[in-house]
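Visitor: Please take me on a close look at one part of this model: the salt bridges and the loops and strands around them. I am in my first year, so plain words would help.

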Amino acid sequence: MLSIASAATRKLASILAASNGVPAAVEALSSQQSVPLPQIGPQQIIGQNVAPDIAEKSLPSKYPLIYVYCNKLVNDLREKFRTFSGDAQMSIEARVSQDRLDSIESNLHMYVDAIASVLDGNRGDWGDGFFYGGGYEVTFGKVKHGGRNFLQTAEISFDLEVSAG
C-alpha cells in the first residue's frame, strides 16, 4: 500500500511540473490578469508532506512552493480480485511568502487558480490504475510569520481513484 501512495504522489507532481502544468498556468494567469507573479519552476514542486517551519530549517526554500502528498488511502475493494481498489486522498499545498502583507492573499489565490486549471485540464485516466474524476476542495490558511517574513498557505485536496494489483 505504501507504494501506491508514493506512486500517486509522483504521478501528481509530474502532472503539475509538466510543460503544460503549473508553470505555464501561472504565466498565462499572470499575463491575462496583468499582475506580475513570481514564476514557479519544476524544482519548486516537491513531493513531500513537511511543515513550513521544518522545511525552512532543513531545505533551501525559494517561494512560492508547492508540496504534493498523499494524506490517506482507503482500500474498499470496489473491484473483486484486485489487491487495492479504492481512493487515495491527495493534497497540494501552495505556499506563498513575502516581506509585506500587500497582495499576499491575492497572489496565493492566483496560484490556487493555476493549480485548479491544471487539475481541470487533467480529468480522466492518469494511467497505471489512477483515475481523477474531477472535483477538489480548497482550504486557505491564515497569514503567519515564516518564510520571508509573512507566509500564507492553501491546501487543495481531492480523491484519486486507484485500481492496482
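Guide: Let's begin with the names: helices (H or I, at least four residues) and strands (E, at least two) are DSSP runs, numbered from the N terminus. With that, we can place Leu77 in the loop between S2 and strand S3 (84–98). This is a predicted model, where local features need pLDDT of at least 70 and side-chain atom pairs count only at pLDDT 80 or more, while totals for chains, interfaces and linings use all residues. Residues are numbered from 1 along each chain as its sequence is written, and side-chain values use heavy atoms, with hydrogens and water left out.

How confident is the predictor? The score pLDDT gives its confidence in each residue, from 0 to 100. The chain has an average of 92, and 98% of the residues reach at least 70. Among the elements, helix H3 (residues 52–58) has the lowest mean, 77, and strand S6 (residues 137–140) the highest, 98.

Back to Leu77. Its phi is near 50 degrees, which is positive although the residue is not a glycine. Most residues other than glycine have a negative phi, and most peptide bonds are trans. For accessibility, buried means under 20% relative accessible area, exposed over 50%, and partly exposed in between (1.4 Å probe, protein chains only). Leu77 counts as exposed because its relative accessibility is 51%.

Now for the charges. Side chains of opposite charge can pair when their charged atoms come close. A salt bridge here is a side-chain nitrogen of Lys or Arg within 4 Å of a carboxyl oxygen of Asp or Glu, and a search of the whole structure finds seven of them. In one, Arg78 pairs with Asp87, with 2.7 Å between the closest N and O atoms. Asp87 is buried because its relative accessibility is 17%, whereas Arg78 is partly exposed at 44%.

Arg95 and Glu93 form another salt bridge, also described by an N to O distance, 2.7 Å. Arg95 is buried at 2% relative accessibility, and Glu93 is buried at 11%. Elsewhere, Asp76, Arg78 and Asp87 are joined into one network by salt bridges that share partners.

A further pair is Glu79 and Arg82, whose closest N and O atoms are 3.3 Å apart. Glu79 is partly exposed, with a relative accessible area of 33%, and Arg82 is partly exposed as well, at 35%.

Glu79 also leads us to Ser163, which lies in strand S8. The side chains of Ser163 and Glu79 make a polar contact at 2.7 Å. A polar contact is a pair of N or O atoms within 3.5 Å; within protein, one must be able to donate a hydrogen and the other to accept it, and residues adjacent in sequence count only if both atoms are side-chain atoms. Contact in general means heavy atoms within 4.5 Å. Setting aside neighbours within four places in sequence, Ser163 touches Glu79, Arg82, Phe84, Ser85 and Gly129. With a relative accessible area of 18%, Ser163 is buried.

Another residue of S8 (residues 149–164) is Thr153. Thr153 is buried too, at 17% relative accessibility. Beyond its neighbours within four places in sequence, Thr153 has contacts that include both Glu93 and Arg95, the two partners in one of the salt bridges.

Next, a hairpin. Two strands pair if DSSP finds at least two bridges between them. Strand S4 (residues 124–127) and strand S5 (residues 130–132) run antiparallel and are joined by three bridges. One of these links Asp125 to its partner Phe131 in S5. Two residues lie between the strands of this hairpin, and Asp128 sits in the turn. Phi of Asp128 is near 60 degrees, a positive value in a residue other than glycine. Asp128 is exposed, with a relative accessible area of 65%.

One last stop on the backbone: the peptide bond from Tyr63 to Pro64 is cis, with omega near 0 degrees. Pro64 is in the loop between H3 and strand S2 (65–75).

Technical notes
pLDDT is the predictor's confidence in each residue, from 0 to 100.
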